[in-house]
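Hello,

Here is the structure I promised to pass on to you. Please open it next to this email, and my notes on what I found follow below.

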Amino acid sequence: MGLETYWATDPSEVLRVRQGFRLEDVDTRGTPGFEGNKSAAEGSLAEGAAILADLQEKLFAGNQMGDDPRRLLLVLQAMDTAGKGGIVKHVMSAVDPQGVQVATFKKPTDEELEHDFLWRISKEVPDAGMIGVFDRSHYEDVLIAKVRELAPPKEIERRYDAINEFEAELAASGTTIIKVMLHISSDEQKERLTDRLERPDKHWKFNPGDIEERMLAPKYQEAYQVVFDRTTTPHAPWYVIPADRKWYARLSVQHLLIEALEAMRLDWPIATFDIDEQKARLAAS
């Protein structure tokens, strides 16, 4: 399970989408692999943060000095209130911000609509040595576009294959792809939306359209199932994470990042200059 000490079993094995997976079977309050409570998770998240920060720095340094082409891309998808923003805030804040690229994809602009749906996505692919985070992504074009009928069925079908080809090209160029769907229950989402309406400091997070989207949840679940069936590949796997407990979702995403970086067998790059010579120069300065 790697450098972390707090997992009873490797959660990635349970969370990873495989053949026969059904979204409806996921327990949104489950905590696969973790036997502690919220309080224990806070300490575990701090332990994992130190591990993640060290690995991220090695990834960044490897490109800065050694031209290592590798990079990591985390794709976050979810229904409203599931916690994507919390992942960015509480997980990614542990690493050096100069090594992270976060892209948020909202409603396409007029310019973006004039191009293929992957045009705006391609521009946000993380540079070598970076961890990239997509807060929503190209999958909106086969989720909301399907549910809201914003594109004809034939075009939606084409996009599944286009996405697979796009991700295969990314993987071939040195990009490790982790795709995460944060799965929240209807009851928990309702509670979080209610909280946003009752607290003035959270009104800015609420959008009246969130209720309309909530009423389409069954259609979204069907659309997500098709996404998993059509776009889960060995080089770009999907992970579905129970998200009713925010602390578990954050801990799980952190683990997936650590696991992916550990698999790269990163190390500090070898200096391209004579260290003793530079020490002598510094001493004489």
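Strand E4 (residues 175-183) pairs with strand E5 (residues 238-242) in the parallel sense, over five bridges. If you would like a spot to look for, Val-180 stands opposite Tyr-239 in E5. Please keep in mind that this is a predicted model.

E4 has another partner too: strand E1 (residues 71-78) runs parallel to E4, and eight bridges join the two. Here you can look for Leu-72, which stands opposite Thr-176 in E4.

Is strand E4 mostly covered or mostly open? Mostly covered: eight of its nine residues are buried. While you follow the strands, remember that in a regular strand the side chains alternate between the two faces of the sheet.

Now turn to the surface, where I found two patches.

Which residues gather in a patch of positive charge? They are Lys-38, Lys-89, Lys-205 and Lys-246. You can find Lys-89 in helix H3, which covers residues 84-90. Lys-89 counts as exposed because its relative accessible area is 57%, and the cut-off for exposed is over 50%.

The other patch is nonpolar, about 270 Å² of surface made by Met-65, Phe-273 and Ile-275. Ile-275 lies in helix H12 (residues 275-284). With a relative accessible area of 44%, Ile-275 is partly exposed, so it can be part of a patch, where over 30% is required.

Have fun exploring, and write back with any questions.

Best wishes

Key
Residues numbered from 1 in each chain as written. Predicted model: local features only at pLDDT ≥ 70, side-chain atom pairs only at ≥ 80, totals over all residues. Heavy atoms only, no water. Patch = residues over 30% accessible without salt bridge, like charges linked within 9 Å, V, L, I, M, F, W, Y side chains within 5 Å. Areas by Shrake-Rupley, 256 points an atom, 1.4 Å probe, with all protein chains shown as cover. Salt bridge = Lys/Arg side-chain N within 4 Å of Asp/Glu carboxyl O. Lys, Arg positive; Asp, Glu negative; His and termini not counted. Charge placed at Lys NZ, Arg CZ, Asp CG, Glu CD. Helix = DSSP H or I, 4+ residues; strand = E, 2+ residues; numbered from the N terminus. Buried < 20%, exposed > 50% of the residue type's maximum accessible area, 1.4 Å probe, protein only. Pairing = 2+ DSSP bridges.
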